[in-house]
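Visitor: I am new to this structure and should like to understand the terms used to describe it. Would you explain each one as we proceed?

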Amino acid sequence: MKKNKNLSELMSYAGRYKYLTCLSLVLSVISAFFALLPFVFIFLIIREVIETAPNYSEAVNIVQNGWMAVLSALISIVVYIGALMCSHLSAFRIAGNLRKTLMAHITKLPLGFIGEMGSGKIRRIVNESSAATETYLAHQLPDMAGAIATPLGMIVMLFLFDWRFGLICLVPVVLGFAAMFQMAGPKMEDDMKNYQNALADMNNEAVEYVRGVPVVKTFGQTVHTFKRFKGSIDSYYKFCIAYCKKCRMPMLFYTVCINSAFAFLITLALILTGGGAVTRSILLSLIFYVIFTPVIATSMSKVLFMSENGMVVNDALTRIHSILDMQPLSEPQNAEHPMNPSVEFKNVSFRYSGAQTDAIHNISFQVQPGETVAFVGPSGGGKTTAAELISRSFDVNSGEIKVDGVNVKNIRKSELMETVSYVFQDSRLLKTSVFENVRLAKPNASRQEVENALHRAQCDDILAKLPDGMDTVIGTKGVYLSGGEQQRIAIARVILKDSPIIILDEATAFADPENESLVQRAFEDLSKDKTVIMIAHRLSTVRNADRIYVLKDGRVAEYGTHEALAEKKGLYAKMWKDYQTSVRWKVGGAG
C-alpha cells in the first residue's frame, strides 16, 4: 500500500511523462519473458544431443535452436534498453519537477527556516532525496517489474520439464526468502531511516564545520573543537558497524541458500537413480536445471534489493515532505501599507522549535522614524533574534511587531522585504559580476544607479583594481575579494535597494582596520534619513546611537543613551568597562 502511494505521488510530478513509466514496466516484463526463452532452446538442444547420441549427425535442429536462443536474448536486451529509455525520460522529468517544487516552496518559507534546519540538510534533501527518486524510477522500478515477472515464468519452467527437479529447486528459494526476511523485513525500514538520519546529520555538520575552518585556523583549534561534527561521524560509524554485524549471519545464510540449488539437484538425481545407471531423462533434467538454476540466484538478489530500494525512496519522500509540509508565512487578506519607518515591539515573545525557553520574552520598545538604536548584550541574549523577527524570519509566539503601527503580519511579504534591509556580519556574494551582485537588490536598476550605489558604499578602490571594473566576475581567474571588500559590495546592494529600515548585524565584525574605516563611512551614507537598528559587540560603534537596549536572556535588562547607561552600575556599565580594558590591553600589547 505504501509503495503504491509513493508511486502515485511520484507520478503526480510526471505530467504526461507518466505514460512512459507505464510503458517501461510493460517493456521490462516482456524483456524478462524473452530472457527466459534461451533456456527453453538450450533444453531442446541438450535433449536432441542426448537422444541422438552417439549418432550426432541426426541432430538437425541444433543450429536452428541455437540461433533462436541468440535471437531471444537479443530481443530481450533491445526491449530492456527501450524500457530504460522510457523510464529515464520520465524519471528525469519527475526529479526535475521535485527540485523545482522544493525550491519554489523554500522561497515561500520564513527566512529563519534555513538557519533552523541547516543548509547542509536542506541541500541534501533537495539534491540527494530527489536523486533517490530518479534512481528508483529510472532503474529500480523497471527492474522490479522484471524481477516479479521472472519468478512467475521460472515457476512455470521449473515444473514444465520435470516437476520433481522443479520442486527441489524451490527448497533453497524458500530458505533464502526466510534469510532475506531477517534483513529486509519490517525492522529494516527503521534501520534505513536511522541510517539516512545519521548520514544527513554528518553531512549537515560537515558543511557547518567547513564554514568554520577560518575560525579554526585563526585560533589554532582542532577537529575536537567541533564536537557536534565529530559526534555525528562517531554516530554514523557506530550505526554502520552495528548494522553490518546484525546482517552478517542472515546475509551469509541467504548467499549459501540461493547458490546451493545444484547441491539439491545432484542429491535428487542420486536418489532417483537409486545407485543404478543414470537414465537419459534424469540426465537431461539434471543438466538443464543445473544450467537454469543460477537465474534463481539473480532473481532473488533483485527481490532483496527491490525491498531495500522501496524503503530508500519512502525515506526520501518522507524527507522531501519535511520541507513541503512546512507552512509558508501567511499572507494578509486585506493588506495594509505602512508609510513611516517606525518599529514597535509590543509584549513580544518567541521560542525556537524544540527549545525549552524563550529566545525573546515579553519585550516592548519603540523606534521612531530616523532614529538609530542599538542592541547589545551577552551572546545568546536574543539580539539577532529580535532583529530577525522584524522581517518575519519567524512569526512571534505572542505579542505584536508593528511598522508604522501596522502589524507585520498584515503587510505583504514582498512589501515587508522592500521595507527592511539587512547587512550581515558575513555577507556573501554570488559567482557573477559585481554589477549583477549589486543589482540583485533592484533588478531593473540602470548601470548609473549601480555605479552611484558602489560609489556611496566606498567601493571605488575595489573597482579600480578589478580588470573589468564592475563587470568583473567574482571567483573566476583569481578574482577574489577580502571580507571587508565583500561587505562594502553588500552595502552597495542595500544602498541601491533604498529601504527605509536598515538592520546592521555585527556588520564590521570581520573587517580589517582599513576596511572598517571605509565600511563605517559607507554606513554613515547608508543611514541618512533611515531608521537603523544595530547589533554590535564593539561598544565603540554604538556610542552615538539614540538609544541602546541591553538584552540578556531574551529580556531587556536596561536601556538608554550611552552616557546614561555608562553612569549606572548596571550590565552595560560593566560591559563598557570591560571593553575599555580590552582596548587598552590591545594597545599595550601592540607596543
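Visitor: What makes the strands β2, β1, β4 and β5 an open sheet, and how are they paired?
Guide: Strands here are DSSP runs of E with at least two residues, helices are runs of H or I with at least four, and both are numbered from the N terminus. Two strands pair if DSSP finds at least two bridges between them. The 4 strands follow the order β2-β1-β4-β5 with antiparallel pairing. The edges are β2 (360–367) and β5 (406–407); each has a single partner strand, so one side of each is left without a neighbour in the sheet.

Visitor: How do you know that β4 and β5 pair?
Guide: Strand β4 (residues 398–403) is joined to β5 by 2 bridges, and the definition asks for at least two. Lys-402 has Asn-407 of β5 as its bridge partner.

Guide: A word on the source is due. This is a predicted model, in which local features need pLDDT of at least 70 and side-chain atom pairs count only at pLDDT 80 or more, while totals for chains, interfaces and linings use all residues. Residues are numbered from 1 along each chain as its sequence is written, and side-chain values use heavy atoms, with hydrogens and water left out.

Visitor: Which strands are the edges of the sheet of 6 strands?
Guide: That open sheet has the order β6-β7-β8-β3-β9-β10, with mixed pairing. Its edge strands are β6 (420–423) and β10 (555–560), each of which pairs on one side only.

Visitor: Why is α10 called roughly antiparallel to α11?
Guide: Axes are lines fitted to C-alpha atoms, for helices over the stretch in contact, and angles run from 0 to 180 degrees between N-to-C directions. The axes of α10 (residues 261–273) and α11 (residues 280–292) come within 10 Å and cross at roughly 175°. Angles over 145 degrees count as roughly antiparallel, under 35 as roughly parallel, 65 to 115 as roughly perpendicular and the rest as oblique; α10 is therefore roughly antiparallel to α11.

Visitor: What makes a nonpolar core?
Guide: Such a core is a set of buried Ala, Val, Leu, Ile, Met, Phe, Trp, Tyr and Cys residues joined through side-chain atoms within 4.5 Å. Buried means under 20% relative accessible area, exposed over 50%, and partly exposed in between (1.4 Å probe, protein chains only). The largest core has 44 residues, and Leu-526 and Tyr-572 are among those touching the most other members. Helix α18 gives the most to this core, with 6 residues.
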